[in-house]
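Q: Can you take a close look at one part of this model for me? Start with the surface, then work inward from there.

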Amino acid sequence: MMAAAAAAERCGRDPCGALCPLLAYLSVGYADYAVLAHVLPQPALRSSPWCPIHAVTFNLLVLLLLASHTRAVFADPGVVPLPGTAIDFSDLHPTERNSDEWTLCSRCEAYWPPHAHHCRVCHRCVRRMDHHCPWINNCIGELNQKYFIQFLFYTGLTSAYAAGLVLAVWLGPTGGDGTENRIQTAHCVVLLLESLLFGIFVTVVFYDQVVSILTEQPHKRGSKEACGGRAWAAALQEVFGGGCVLGWLCPCSTPSRPTYSLLPHGDV
């Protein structure tokens, strides 16, 4: 309930944050409809024993896509808790921002932990905030970056799968009356364009996220070692959690939640 209320509050502050998730859900819904109603029933695929497997696989990818998106929307991105009592900042002045030290956030009137940033949409400080994403209407921080990357990954796979099915239809045998073919062709064209548009977009963002984890996270942890294989593995585990690598693909698993400190002299 608290997560839903927070999401609704963000929609009120940022109208784009309400429209983008709606557009995403409509696009996914249309893609699923187009594949099941206009792509798989075509002669090139409907007579193949792989047709039901394609239907199940595509819907499984859609389910994982929606699950990871929902987790990214409603998960706490790592909001820095506000102190229980007001802190007197009258004699203190914010200094130049240093990502490795505690400082002050004049907007939250609280201490600013290392590597945290203040979100102008959420009006809160978020630990290891990457950006505020309108597609999930939430910040991307240390506690929901895993779900955001999963959402990008499954969106890219779904887009590639849909585009591959359309190409298989066009390269295979044709049949049926002219009117039915024109309608199915129109849906195939729209689906292919949608798949290419979203596929290219999420691939670029996915690449940016992974590179950011591999290149920046070790330095944020204060590691003096070069970014070798062990450093990369540690950086990925910090985002996705330990355990089996296949578990990183599951949006149901939850990364360990760190213990927050409200004051700079506490353990962080």
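A: First, what counts as a patch here: its residues have over 30% relative accessible area and no salt bridge, and nonpolar side chains are joined when they come within 5 Å. Keep in mind that this is a predicted model.

With that in hand, look at Leu167, Trp170, Leu171, Val189 and Leu193, which make up a nonpolar patch on the surface. Together these five side chains' residues have about 520 Å² of accessible area. Two elements give two or more residues to the patch, helix H5 (145-171) and helix H6 (178-220). Helix H5 puts in the most, with three residues.

Trp170 is a good one to zoom in on, and you'll find it in helix H5. Its relative accessibility is 40%, so Trp170 counts as partly exposed. The patch cut-off is over 30%, which means that Trp170, at 40%, clears it.

Now go inward. The largest nonpolar core has 34 residues. Val35, Val39, Leu40, Ile136, Phe148 and Leu191 have the most contacts inside this core. The elements that give it two or more residues are helix H2 (15-39), H4, H5 and H6. H5 gives the most here as well, with 10 residues, so helix H5 is the top giver both to this core and to the patch outside. As a general point, nonpolar side chains in soluble globular proteins tend to be buried together.

H4 is another of the helices that feed the core. Helix H4 covers residues 51-74, 24 residues in all, and reaches 35 Å from its first C-alpha to its last. That's close to the 34 Å expected at 1.5 Å a residue. Plenty of H4 is buried, including Phe58, Leu61, Val62, Leu65 and Val73. The buried list for H4 also has polar names on it, among them His54, Ser68 and His69.

Back on H6, the other helix of the patch, have a look at Thr215, which lies in this helix. Thr215 is partly exposed because its relative accessible area is 39%. The C-alpha atom of Thr215 is separated by 9.4 Å from that of Ala231, 16 residues apart along the chain.

If you want something that isn't helical, try strands E3 (residues 116-119) and E4 (residues 124-127), which run antiparallel and are joined by four bridges. One of the pairings is Cys119 with Arg124 in E4. The two strands form a hairpin with four residues between them, and in the turn His123 has a positive phi of about 60°.

Note on methods: Residues are numbered from 1 along each chain as its sequence is written. This is a predicted model: local features need pLDDT of at least 70, side-chain atom pairs count only at pLDDT 80 or more; totals for chains, interfaces and linings use all residues. Side-chain values use heavy atoms; hydrogens and water are left out. The expected span of a helix is 1.5 Å times one less than its number of residues. Buried means under 20% relative accessible area, exposed over 50%, partly exposed in between (1.4 Å probe, protein chains only). Patches are made of residues with over 30% relative accessible area and no salt bridge: like charges are joined within 9 Å, nonpolar side chains (Val, Leu, Ile, Met, Phe, Trp, Tyr) within 5 Å. Accessible areas come from the Shrake-Rupley method with a 1.4 Å probe; for residues, only the protein chains shown count as cover. A salt bridge is a side-chain nitrogen of Lys or Arg within 4 Å of a carboxyl oxygen of Asp or Glu. Two strands pair if DSSP finds at least two bridges between them. A nonpolar core is a set of buried Ala, Val, Leu, Ile, Met, Phe, Trp, Tyr and Cys residues joined through side-chain atoms within 4.5 Å.
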